[in-house]
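Reader: I am new to this structure and would be grateful for a close look at one part of it. Please begin with a single residue and its setting, and then widen the view step by step.

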Amino acid sequence: MNRNSKHIVVVGGGYVGLYTVLRLQRTLRKELRDGSVRITVLTPESHMTYQPFLPEAAAGNLSPRHVVVPLRRVLKKAAILNGKVAKVNHADKTVLFEPNVGTPHEISYDLVVMAAGSVSRTLPIPGLADAAIGFKTVGEAIALRNRVLGLLDRAETNDDEAVRRRALTFVVVGGGFAGIEALAELEDMALDAVRYYHNVKREDMRWVLVEATDRILPEVGPEMGRWTAEQLRERGIEVKMNTRLESCEGGLVKLSDGEEFESATIVWTAGVKPSPVANAGDLPLDERGRIKTSTRLTVVGAKDAFAAGDVAGVPDVTNPGQYCAPNAQHAVRQAKVLADNITRYLHGKELADYRHKYVGSVAGLGLHKGVANVYGVKLRGLPAWFMHRTYHLSRVPTVNRKVRVMADWTLALFFKRETVSLGEIEEPRAEFRAAATA
């Protein structure tokens, strides 16, 4: 190891972490080869999840392995260490790193990149932590798929009306992209699945969307948001706006409109907040708890520190006074500017501003159904669904993953998707323990 090398530590292996290091491997090719620069990525997982594909993975349209990117395979010039950063001490240029297994230790750096992303934003709602499930990881998406299909099995084999009603009531809290796409894809999958059941029909299932504001999918605009709500209602999905989840202890859902009912599936998608690592150190924060970041993606008032993505408060130069939204569209584009600015910084050149005008949004609403508002062009149904798939295929990293995703979609044209629950994979030792203790 070159003792005089510049050590770049990247905190986080999500969108920003992956795309930044991918580009640095090209822009700093010479420096990485001769050892004058080295890169370390600190991340809990050894893969990056392409979250826009989680709903399709949950619905069985994509293999879960194809919505993740193995970091060690694509970031060959960087060291990948699995664990979490407990503290950032920028004054001494060290981070306290806690490996997933092992003893915490300090890692020193010359330049730090804060790219830790976000976590689910929860509220102090009774029963939420025990009864609900999030929708930010592959594990959550596949567990949710297994749960929905497993509950159809439960209802099929049970004549107790209370058990059936609880099993067949599905609640999604949050009317943003994650909530709407998860709800629409899972309902679409369940509708496919019930064709193979004798004791469960579409009208037996109850799907409920709970949204605290007066609109859903705000990113696609009021008109398309209203259209989406109408489409969901036509499918028999209850869309409850201006309604809050008050409690869900033991699966008993209590809403602010006074309604109460039992549900075995409660999905929480009501927003995100910056990763806790943002507040675990001496880097400055803005009023929303994000790392205070300049338009050049440098940390304000901190030399040798950069930040981007959901963990950073990046001013939107195209919309003065506002900040860039915490979404994949900004994260991917910020990573490109971030990598180039790091390269410029190391070469003593002037840094560039991050500038990107939001082009619009696309959302999938199940197989062959979607909604889009891009550059003011509003699309619905099949054209929007096609645009949704085309856009995200172009954005998923590496040719390897693009080909695998295309293969999944192509096979789906000729074969029906699998509608079998593999819930036992969540407890693989349960059957062995039962046999060993019998």
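Author: In this predicted model, Ser118 is buried, because its relative accessible area is 14% and the cut-off for a buried residue is under 20%. Ser118 belongs to strand E9, which covers residues 118–120. The side chain of Ser118 takes part in a polar contact with the side chain of Asp310, at 2.9 Å. Another polar contact links the side chain of Ser118 to that of Lys136, at 3.5 Å. When residues up to four places away in sequence are not counted, Ser118 touches Lys136, Val272, Lys273, Pro274, Ser275 and Asp310. Both polar partners, Lys136 and Asp310, thus appear among the residues that Ser118 touches.

A second residue may be read in the same manner. Ala131 is found in helix H5, residues 128–131. Ala131 counts as buried because its relative accessibility is 18%, and the limit is under 20%. Once neighbours within four places in sequence are left aside, the contacts of Ala131 are Arg147, Cys248, Gly251 and Ile266. In sequence, Ala131 and Thr265 are 134 residues apart, yet their C-alpha atoms lie 7.8 Å apart in space.

One of the contacts of Ala131, Arg147, leads to helix H6, which comprises residues 138–156. How far should the 19 residues of H6 span, at 1.5 Å a residue? The expected span is 27 Å, and the end C-alpha atoms of H6 are 27 Å apart, so the two values agree. Many positions of H6 are buried: Val138, Ala141, Ile142, Ala143, Leu144, Arg145, Asn146, Val148, Leu149, Leu151, Leu152 and Ala155.

Helix H6 also leads to the interior of the model. The largest nonpolar core has 116 residues, and those with the most contacts inside it are Ile8, Ile39, Leu75, Val113, Met114, Leu152 and Trp207. To this core H6 gives the most, with 10 residues. Leu152, one of the buried residues of H6, is also among the residues with the most contacts inside the core. Ile39 offers a further view of the surroundings: beyond residues up to four places away in sequence, Ile39 touches Ile8, Val10, Val21, Leu24, Leu32, Ala78 and Ala79. A second core, separate from the largest, has 15 residues and includes Val171, Val173, Leu245 and Val253.

Val253 provides the link to a sheet, where this residue stands opposite Phe261 in strand E16. Strand E15, residues 252–255, is joined to E16 by three bridges, and the two strands run antiparallel. The open sheet to which they belong has three strands in the order E14-E15-E16, with antiparallel pairing. Strand E14 (245–247) and strand E16 (260–262) are at the edges; each has a single partner strand, so one side of each is left without a neighbour in the sheet. On average, neighbouring strands of this sheet are turned by 35° against each other, direction ignored. In a regular strand, side chains alternate between the two faces of the sheet.

Another open sheet of three strands has the order E22-E23-E24, and its pairing is antiparallel. Its edge strands are E22 (360–364) and E24, each of which pairs on one side only. The twist from one strand to the next averages 5°. Helix H9, residues 222–234, packs on this sheet and touches E23 and E24, with its direction at about 5° to that of E24. Strand E23 (residues 370–374) and strand E24 (residues 377–380) pair in the antiparallel sense over four bridges. Val374 has Val377 of E24 as its bridge partner. The hairpin of E23 and E24 has two residues between the strands, and in this hairpin Tyr375 takes a positive phi near 55°.

A further hairpin completes the account. Strand E6 (residues 94–99) and strand E7 (residues 105–108) run antiparallel and are joined by four bridges. The bridge partner of Leu96 in E7 is Glu106. Five residues lie between the strands in the hairpin of E6 and E7, where Gly102 takes a positive phi near 130°.

Note on methods. Residues numbered from 1 in each chain as written. Predicted model: local features only at pLDDT ≥ 70, side-chain atom pairs only at ≥ 80, totals over all residues. Heavy atoms only, no water. Expected span 1.5 Å × (residues − 1). Buried < 20%, exposed > 50% of the residue type's maximum accessible area, 1.4 Å probe, protein only. Polar contact = N/O pair within 3.5 Å; in protein donor to acceptor, adjacent residues only side chain to side chain. Contact = heavy atoms within 4.5 Å. Pairing = 2+ DSSP bridges. Axes fitted to C-alpha atoms, helices over the stretch in contact; angles between N-to-C directions. Core = buried A, V, L, I, M, F, W, Y, C linked by side-chain atoms within 4.5 Å.
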